[in-house]
Amino acid sequence: MARPSCQPAGTSQASSGHVEVSTRFNPQENDQLLLKVNLRERVESLVHTRHSVLAAMLAGQSSAAVPDILYFSSMTTRLIKHPCKKNIALYLGRQLFFTRNNFQSSLPPFSIPPSMQVGIPEVTSAHFAGSVLLLVVNKKVYIYNIKTSSWTASTGIKHPVSHISGDNCCYSKHPFCLDISNFIFAYSHGEQISQTNIYFSDNWGYTFQNYIHEGQEQLVGSLGGIFYLYSLSQIGVLLIDQKKAKFEYLEHPLNHSFGLPFDYNGTLDIIIAPGQKGILIFWFEKSLLVSRNSGQLVFPVQVQEGHGTLYSSVFDAGITIHTVAANENALAVLTQEDGLYYGSLGILTSSIIKFAYQNIWSQQAALMFTGLGILDILTPLPDVDFPAFDFEKCPVNIQAVLMDPQLHIDVCKVEILQGDFENKMYTIDMNSELELTAMMIPRPGTSPVPLAMVSNPHSLGLNVFNYEDGYTYDGNTKHRLNISLKQQHHWGRADPNFTSSIKKPTLSTITVDIANKEISCVDLKPLTALISIGCDLKKKIIVQNEISACYKGNLDPVALQDNYSYVIEKEAYDPNFQGQRATEDLVVHYPYEKLGCPLLIHYDSPWKPVVELWQAGKFQEIVEAEYVLLEVNGLFTYTYSLTADTALCSSQPQNWTTIRVDTKGLPFTWDRENYVSCHDPNNDAPLQWPKVPYQILGGPTKNKIIFDQRNGIYVFLISIVDPYYSYCHLTTTFSVYVYGAFPLRFLVPEITIFLLMISILLSVWLAYMIPKLLHTELGRRLTGYWCRH
């Protein structure tokens, strides 16, 4: 079969003209390619305009230093698409090309400014991270900002690296989703794992730091890659030893075992399929493998050539892979034998099928999915008149090709698969549940089996109820799936050694698909949602303020709003929060806009705040979990009603002093991350000081605050520290006004009583002695003296 005459699809972005070339495989017309050309203006005029624009662009560069033209280190091509911004892509071959419009425009080769001083401009790895493109050029990492078209060299990497890895989340603008693109690994492929240097970045690769995991020195083999596998909430390290590879996982509960080994007969390129579903694709020229559970199980992809011919692997099929493309649901392979293969990334499918020979292979050809069921075969073509490249694009309509009777493909057994949760993100906080529904309508006379699966069963458990739910107007049966999701811990069905730490936030995806779905179901996408087992950002806590100092007339709300300030005596506060007296009084501005009118409290009444949980503006419950308080200005004129022993602690309880020591003096850092209950049987801290105040409120105790004899305003920080109440750091500030305390007496009560008793006794003695003395000689003399004067 002759080579199809695919035409260049390059146009100038600055030109008003447009060239649209579409070449599709149509098996119903003798497998020939139909060329559809729509010319809106003369091609000659368009080419002239394009050349003029590019000439002006490059002429501006000619006066400056010549940039370094980048090239890819491999003899085969790669094409990396931004998973969220579908029009942005990077082609890697003899030259690199960066596009913002899916190669619809002519492009000059991608280059890096000479100011970066890269030396040899050889690229060994590339990755999109949010709004930046990271490249490993000559063993160093460089960043290209897509928005500003500017270059930056990464800092912090002290040793040569060859590869970078990361991921992107496209489900939502939720911070947890957006943060996924922040984390980047940089490493040198093939070095001994026990001696290699691995680097980690949490800011899109701008700065890196050394990443050393416990036990790395004892590992055997070379490094095949390190990846943050968000679908499993694990960091996975690929170890290679004696032509076998396996994943080591660094987080509980998988950190005590390895993934199953698989054959590693060449340098495998690893593709993390978009969507956080745990799909990994491994390939090189003679091997193609896939994993659907983040590397725990890796299987070779079977190859189907014609009706009834099935090979167990690419090696057995005798084909040589040139390039591979993948999206959320599909896989395409182009071979050096002019073969084009396609496969579905469904739940239980693991094979690719060969399309008819099309003579479309070339050394620079690459594959790119541009839409649902649409695959482009892309080849850069140099311009004979100017140093720019057009792009030959041959769109392949996968669904149309699969309808070829010669392929003997079974028709799709499902007409509709839909759910309102598709491509959305949900949050399951501690002790919460999520209910989802999906609907399936099968083709008449068939009985497909819908399946719901989670990518991280260690954290997320599910229960699925499938039932018939009426009929369509055509008489087809409607099947409905009710899916209940909650933390795996709370289902009570999994062994504790199987579940991940309940204290740690994790991620998982839920996918509803059809078991053994036919490859012809191109337009029937699986239903996938991202589940964050973590903090619900719509939650907050509020301290109940039913009786305020303004309501009772103790404070004037008008005065509080008029830049109100108050003085804290130096004897009552410590700016270092250590209970020591300050050297001078403190003037505090009262933030009425934030705190409102203070809660009114009598000093002589033991008190604890009533804490309310609110979600999305709606009251949920009164918080009974454990929490702590700290006066933000350093006031220490209050204590607690319980001590460590009266609170029935079995170990030494934490307090603000020990927390400050553990956090190197930082205040306000006591939260769910570092709280350890003194009632926890696993807490082995001995109870050495049973009489110290117990500073935790709520929970199983009746602990309360007792104020000293002092009137005034207190501004408290409250923090929920119970790690099992919510994944959120629930904290807020509130104010109270303490009243009713009389001024302190200057004399000690015992001295006052003693002096009073002496005075009474002296008065009684004088009342007895004076009349008696008046009848004596001395008394008569004194009486006469007073009478004369």
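Strands, in the sense used here, are DSSP runs of E that span at least two residues and are numbered from the N terminus. In the predicted model, several loops between such strands contain backbone features that merit description.

The loop between strand 18 (234-241) and strand 19 holds K243, a residue other than glycine whose phi is nevertheless positive, near 60°. K243 counts as exposed because its relative accessibility, 61%, lies over the 50% cut-off. A positive phi, of about 55°, is also found at Q276, which is likewise not a glycine and which is placed in the loop between strand 21 (269-272) and strand 22 (280-284). With a relative accessibility of 3%, which is under the 20% limit, Q276 is therefore classed as buried.

A cis peptide bond, with omega at about 10°, links H252 to P253, and the second of these residues, P253, belongs to the loop that runs between strand 19 (244-249) and strand 20 (262-263).

A further loop, between strand 16 (209-210) and strand 17 (222-229), includes G215. The relative accessible area of G215 is 26%, so that this glycine falls between the limits of 20% and 50% and is described as partly exposed. Although G215 and L250 are separated by 35 residues in sequence, their C-alpha atoms are 9.8 Å apart in space.

Key
Residues are numbered from 1 along each chain as its sequence is written. This is a predicted model: local features need pLDDT of at least 70, side-chain atom pairs count only at pLDDT 80 or more; totals for chains, interfaces and linings use all residues. Side-chain values use heavy atoms; hydrogens and water are left out. Helices (H or I, at least four residues) and strands (E, at least two) are DSSP runs, numbered from the N terminus. Buried means under 20% relative accessible area, exposed over 50%, partly exposed in between (1.4 Å probe, protein chains only).
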